[in-house]
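Trainee: I would like to learn how to read a model of this kind feature by feature. Could we take the general idea each time and then turn to the case at hand?

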Amino acid sequence: MSLRRIFIVLVAVFMAWVVPGEAQTVPEKKIGNNSVLLPAIPRGQGDHCVADADFMRRNHMTMLMHQRDETVRQGIRGKPFSLKECVACHAVEGPDAMPVTVASPQHFCRACHDYAAVSIDCFQCHASRPDVVTDAGGQGGVVRGAARE
Ligand code: HEC
Ligand code: HEC
Ligand code: HEC
């Protein structure tokens, strides 16, 4: 393990330990006499993630890679750890009421990654927000999770 990787793992473990499940925005936390700044993580839609939230905090990278390999090499789609599903259910609305892209620091995936200095190249190819479509009445409404079937 490289030092950077060890550091990142420590940050992940630390976050999993101090970030309580219910709280979506915990900007600061007292640990002993120290105040620690924590990432503000936007909450996903609905009640549950595709797996236990604590498990997801620690293992989402591995699960995404497995899912990718299954899809790309074996053509299996629609399994739980779909990246398309992540961005649909974890869409965060920007000031214009449209889901933000990964260009925004508000983007779900950036909440921790910016904090932990992780950079991913996934969104060079993958959309970082759900398909934005015009509703039937032409109101220009955003249908959340339109990418989901
Ligand atoms: C159907 C909606 C839904 C989908 C799809 C979904 N999530 Fe979640 N996710 C949630 C919800 C709701 C929570 C908060 C659950 C909780 O606190 O118990 C959550 C929590 C998380 C957390 C922990 C966040 C925190 O506060 O520490 C991570 C990390 C995460 N999801 C990653 C992913 C990834 C990666 C994917 C795609 C493989 C994904 N999620 C797909 C709804 C979803
Ligand atoms: C060079 C372009 C490219 C990059 C970069 C890339 N992917 Fe993909 N990915 C693809 C293509 C093409 C598919 C196949 C899509 C299909 O057939 O449905 C795919 C499929 C997937 C799937 C299965 C389909 C889905 O939505 O769940 C997952 C998961 C996935 N990639 C995750 C990732 C992750 C995580 C990263 C970053 C670490 C990443 N990809 C980076 C091109 C890319
Ligand atoms: C709860 C905080 C958190 C959230 C939210 C989060 N991540 Fe991560 N992610 C991390 C941490 C910490 C690492 C570094 C772990 C390591 O390298 O062992 C990481 C690493 C990754 C990696 C592997 C990067 C590499 O170079 O090894 C991928 C891919 C990834 N995340 C995808 C995503 C995607 C996609 C989302 C949004 C759907 C997301 N993550 C949301 C904390 C988070």
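Mentor: Let us begin with the surroundings of a ligand, where the general idea is to ask which elements supply the shell; in this predicted model, the element that gives the most to the shell around ligand 1 is α2, with five residues.

Trainee: Which elements give two or more residues to the shell around ligand 1, and which residues come nearest?

Mentor: There are 21 residues around ligand 1, and those that come nearest are Gly44, Cys49, Ala53, Cys86 and Cys89. The elements giving two or more residues to that shell are α2 and α3. Sorted by class, the shell around ligand 1 holds ten nonpolar, seven polar and four charged residues.

Trainee: How many residues surround ligand 2, and which are the closest?

Mentor: The shell of ligand 2 consists of 15 residues, the closest being Arg68, Thr71, Ser82, Cys122 and Cys125. The elements that contribute two or more residues here are α2 (53-74) and α3 (83-89), and α2 gives the most, with five residues. By class, the shell around ligand 2 divides into six nonpolar, five polar and four charged residues.

Trainee: α2 has come up for both ligands, and I would like to know how to judge the course of a helix. What span between its end C-alpha atoms would a straight helix reach, and what does α2 show?

Mentor: The idea is to set the distance between the end C-alpha atoms against the length expected at 1.5 Å a residue; for α2, with 22 residues, a straight helix would reach 32 Å, but the ends are only 27 Å apart. One then looks for a local bend, and α2 has a kink of about 75 degrees, centred on asparagine 59. Just after α2, glycine 75 takes a positive phi of about 70 degrees.

Trainee: Methionine 65 is found in helix α2. Does it count as buried or exposed, and how is that decided?

Mentor: The general approach is to count C-beta neighbours inside 10 Å, and methionine 65 counts as exposed because it has 11 of them, where 12 or fewer is the cut-off for that class. Separation in sequence can be read beside separation in space: methionine 65 and leucine 83 are 18 residues apart along the chain, while their C-alpha atoms are 9.8 Å apart.

Trainee: How would the same count read for arginine 110, which is found in helix α4?

Mentor: Arginine 110 counts as buried because it has 21 C-beta neighbours inside 10 Å, the cut-off for burial being 20 or more. Buried residues in α4 are Phe108, Arg110 and Ala111. If neighbours within four places in sequence are left aside, arginine 110 is in contact with Val102 and Pro105. The C-alpha atoms of arginine 110 and isoleucine 120, ten residues apart along the chain, are separated by 9.6 Å.

Trainee: You mentioned a positive phi at a glycine. Where should I look for positive values of phi in a residue other than glycine?

Mentor: The idea is to note the residue, its angle and its place in the chain. Alanine 97 has a phi near 65 degrees and lies in the loop between α3 and α4 (108-116); with 9 C-beta neighbours inside 10 Å, alanine 97 counts as exposed. Alanine 117 has a phi near 55 degrees and is placed in the segment after α4; with 10 C-beta neighbours inside 10 Å, alanine 117 also counts as exposed.

Trainee: Now for the whole chain: how many helices and strands are there, and in what order do the elements run?

Mentor: The protein has four helices and two strands, and from the N terminus on its elements run α-β-β-α-α-α. Of its 149 residues, 12% count as buried. Among contacts between residues at least 6 apart in sequence, 47% join residues at least 24 apart.

Trainee: What is the mean pLDDT of the protein, and where does the pLDDT fall below 50?

Mentor: The mean pLDDT is 79, with 68% of residues reaching 70 or more. Over residues 19-26 the pLDDT is below 50, and this stretch has eight contacts in the model beyond near neighbours in sequence. Over residues 134-149 the pLDDT is likewise below 50, and there the model has 22 contacts beyond near neighbours in sequence. Where pLDDT is low, the predicted coordinates should not be read in detail.

Conventions
Residues numbered from 1 in each chain as written. Chains lettered and ligands numbered in written order. Predicted model: local features only at pLDDT ≥ 70, side-chain atom pairs only at ≥ 80, totals over all residues. Near = placed C-beta within 6 Å. Nonpolar A, V, L, I, M, F, W, Y, C, P; charged D, E, K, R; others polar. Expected span 1.5 Å × (residues − 1). Bend = angle between axes of the 7 residues up to and from the residue. Contact = placed C-beta atoms within 7 Å. pLDDT = per-residue confidence, 0-100.
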